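These are my notebook entries on one structure. I recorded what I looked up, topic by topic.

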Amino acid sequence: MLEISRRELFGIVSSLAPAFWLTRSGYAQAQPALQLQPLGDKLTLLSGAGGNIAILQGADGLLLVDSGLPQTAEAVDNKARSVAPVPIATLINTHFHFDHIGANERLGRAGVRIIAHDNVLKRLSTPQKNAFMNMEAPALAPEGRPKTTFSDKGQLTHGGEKIAYKYLPPAHTDGDTTVHFTNANVYHAGDLFFNGFYPFIDYSAGGNIEGMVADADRMIEAVDRKTKIIPGHGPMATLDELRVYRDMLADVNEKVSKLVRIGKTLEETQAAEPTKAHDDTWGKGFLKPADFVRMLYAGKTAAKAA
Ligand SMILES: [Zn+2]
């Protein structure tokens with residue numbers, strides 16, 4: 001396991017991790033160019049900084065959902081504030097991963113109120129190891145940690161918009177939160193939804209594919225045909241696209257589970273190509289099919305051994 005300091009995390013993110021997180025992902029190749037996409041009157045999508053960021057305008061400030069990568073912190077801050085001449089007031093984190101909390105310290109130091117699930121605070125307060133990536137991330141400085149936490153759900157009003165945030169049971173991590181702008185009907189799914197490529201699932205942080213399927217079902221219930229869905233990664237999506245994603249996950253889970261159950265080795269499981277039917281659509285981005293299967297296999301066999 002790699003032990004790294006805060007200063008070195010930067011190096012990890014830009015050297016070791018890119019082999020996994022960045023260079024293999026189509027979205028990351030456009031990293032330097034942050035893009036704004038209007039999602040209605042007061043909402044904007046900010047992409048290109050790691051995880052997708054939602055920006056809500058209010059008279060007294062902006063509300064952000066997620067804050068991008070550490071190396072794009074300043075760029076995200078500036079780009080977000082280019083949307084309206086007001087300060088950033090509030091930040092909600094969908095989970096603790098570094099590509100969603102990268103500007104937390106910068107924004108926290110500027111007095112931005114940070115809201116997240118209890119488990120996000122816990123994980124940002126101590127170093128976190130990820131077995132699959134063989135990587136350790138340091139704790140965030142106290143200023144970057146959420147000051148307002150919740151165990152189940154909460155809501156607030158900002159700029160005339162109602163924001164309902166809700167914790168869903170362990171799936172991508174153990175702190176996954178969805179954020180629904182209910183008037184505008186825009187829904188940030190965090191990394192419970194990777195639109196267009198196989199999702200990373202953080203088994204080291206309580207994630208599992210069964211939870212991903214179950215939470216996809218919960219999200220399908222929470223939105224409607226008109227909802228504009230912001231995935232954690234990938235382009236904006238609709239309910240129909242969320243359903244296709246859910247069905248892909250359920251199918252792959254069923255096939256890999258069966259192979260594990262009958263005692264296949266990792267190599268045999270990969271050779272059986274349990275993702276084959278989906279690879280053309282989902283296997284060309286972030287995680288290649290063999291990597292996705294390896295991640296699921298490791299998670300399932302670890303759970304079985306425990
Ligand atoms: Zn994530």
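**Entry 1: Gly 154.** I note at the outset that this is a predicted model. I began with the contacts of Gly 154. Leaving aside neighbours within four places in sequence, I found Gly 154 in contact with Ile 163, Ala 164 and Tyr 165. I then looked up where Gly 154 lies, and the answer was strand E10, which covers residues 153-158. I also looked up the separation of Gly 154 from Val 179, which is 25 residues away along the chain. The C-alpha atoms of Gly 154 and Val 179 are 9.7 Å apart.

**Entry 2: the zinc ion.** Which residues coordinate the zinc ion? I listed His 95 through NE2, His 97 through ND1, His 172 through NE2 and Asp 191 through OD, at 2.1 to 2.2 Å. Along the sequence, I wrote the spacing of these donor residues as H-x1-H-x74-H-x18-D. One pair of donors, His 97 and His 172, links distant parts of the chain, for the two are 75 residues apart. I placed His 97 in the loop between strand E5 (88-92) and helix H3 (104-109). His 172 belongs to the loop between strand E11 (161-167) and strand E12 (177-181). I recorded both His 97 and His 172 as buried.

Why is the arrangement around the zinc ion irregular? The 4 donor atoms subtend angles of 88 to 169 degrees at the ion. Four donors count as tetrahedral if all angles lie between 85 and 135 degrees, and the upper value here is 169 degrees.

**Entry 3: the sheet.** I traced an open sheet of 7 strands, in the order E1-E2-E3-E4-E5-E6-E9, with mixed pairing. Strand E1 (35-38) and strand E9 (148-150) stand at its edges. Each has a single partner strand, so one side of each is left without a neighbour in the sheet. From one strand to the next, the twist averages 20 degrees. I then examined the pairing of strand E6 (residues 113-117) with E9, which is parallel and runs over 3 bridges. Ala 116 stands opposite Thr 149 of E9.

**Entry 4: Thr 275.** Is Thr 275 buried or exposed? Its relative accessibility is 2%, so I entered Thr 275 as buried; the cut-off for buried is under 20%. I located Thr 275 in the loop between helix H7 (266-271) and helix H8 (279-282). Not counting residues up to four places away in sequence, Thr 275 touches Tyr 198, Val 252, Pro 289, Phe 292 and Val 293.

Terms used
Residues are numbered from 1 along each chain as its sequence is written. This is a predicted model: local features need pLDDT of at least 70, side-chain atom pairs count only at pLDDT 80 or more; totals for chains, interfaces and linings use all residues. Side-chain values use heavy atoms; hydrogens and water are left out. Donors are N, O and S atoms within 2.8 Å of the metal (3.2 Å for Na, K and Ca); water is not among the atoms, so sites may look incomplete. Four donors count as tetrahedral if all angles lie between 85 and 135 degrees; four count as square planar and six as octahedral if opposite donors are over 155 degrees apart and all others between 65 and 115; anything else is irregular. Helices (H or I, at least four residues) and strands (E, at least two) are DSSP runs, numbered from the N terminus. Buried means under 20% relative accessible area, exposed over 50%, partly exposed in between (1.4 Å probe, protein chains only). Two strands pair if DSSP finds at least two bridges between them. Axes are lines fitted to C-alpha atoms, for helices over the stretch in contact, and angles run from 0 to 180 degrees between N-to-C directions. Contact means heavy atoms within 4.5 Å.
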